[in-house]
Amino acid sequence: MLAIDTEGRVYSIDHTGDWFLGQDIDEALATLVTGTQPPRLTSA
C-alpha cells in the first residue's frame, strides 16, 4: 500500500513496517523501479 502525505512525500506501508520512498512521486517511483532499499520508519 502506498501513502502520500499532505507535503507530497510517499510511503510504503506493509506488514514489515513503514518505509519512506521519497520526497515526491518521481523520487518514490525511482526508488521502486531501481530496487533501492528505502529507509524503514517503523517496524512491525
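A salt bridge here is a side-chain nitrogen of Lys or Arg within 4 Å of a carboxyl oxygen of Asp or Glu. Keep that in mind as you look around this predicted model, because by that definition the structure holds one salt bridge. The partners are R9 and D5, and their closest N and O atoms sit 2.6 Å apart. How open to the outside are these two? R9 has 30% relative accessibility, so it counts as partly exposed. D5, at 21%, counts as partly exposed too, just past the 20% cut-off under which a residue would be called buried.

Now for the strands. Start with β1, which covers residues 2-4, and follow the chain to β2, residues 10-14. These two pair in the antiparallel sense, with three bridges between them. If you want a landmark, pick A3: its bridge partner in β2 is Y11. The hairpin that β1 and β2 make has five residues between the strands, and in it G8 takes a positive phi near 95°.

Carry on from β2 and you come to β3, residues 17-22, which pairs with β2 in the antiparallel sense over five bridges. This second hairpin has two residues between its strands. Y11 is handy again here, since it stands opposite F20 in β3. So Y11 of β2 has A3 as a bridge partner and F20 across from it in β3.

While you're on β2, have a look at S12, which belongs to that strand. Is S12 buried or exposed? Its relative accessible area is 16%, so it goes down as buried. Leaving out residues up to four places away in sequence, S12 touches M1, L2, G17, D18, W19 and L21. Among those, L2 turns up again below, as part of a patch on the surface.

Next comes the helix, α1, running over residues 25-34. At its N-terminal end D24 acts as the cap, with a side-chain oxygen 3.2 Å from the backbone nitrogen of D26. Just after α1, at the other side of the helix, G35 takes a positive phi of about 80°.

Three residues within α1 are worth a stop. T31 is in the helix and, at 14% relative accessibility, it counts as buried. Not counting residues up to four places away in sequence, T31 touches L21, T36 and P38. L21 is also on the list of residues that S12 touches. A30 is in α1 as well, but with a relative accessible area of 39% A30 is partly exposed. A30 and L2 are 28 residues apart along the chain, and their C-alpha atoms are separated by 14 Å. L32, another α1 residue, counts as partly exposed at 46% relative accessibility.

L32 takes us to the surface. Together with L2, I4, I25 and L29, it forms a nonpolar patch there, with about 470 Å² of accessible area between the five of them. Where do the patch residues come from? β1 and α1 each supply at least two, and the largest share, three residues, comes from α1. To be in a patch, a residue needs over 30% relative accessible area, and the 46% of L32 is over that mark.

Definitions and conventions. Residues numbered from 1 in each chain as written. Predicted model: local features only at pLDDT ≥ 70, side-chain atom pairs only at ≥ 80, totals over all residues. Heavy atoms only, no water. Polar contact = N/O pair within 3.5 Å; in protein donor to acceptor, adjacent residues only side chain to side chain. Helix = DSSP H or I, 4+ residues; strand = E, 2+ residues; numbered from the N terminus. Buried < 20%, exposed > 50% of the residue type's maximum accessible area, 1.4 Å probe, protein only. Patch = residues over 30% accessible without salt bridge, like charges linked within 9 Å, V, L, I, M, F, W, Y side chains within 5 Å. Areas by Shrake-Rupley, 256 points an atom, 1.4 Å probe, with all protein chains shown as cover. Contact = heavy atoms within 4.5 Å. Pairing = 2+ DSSP bridges.
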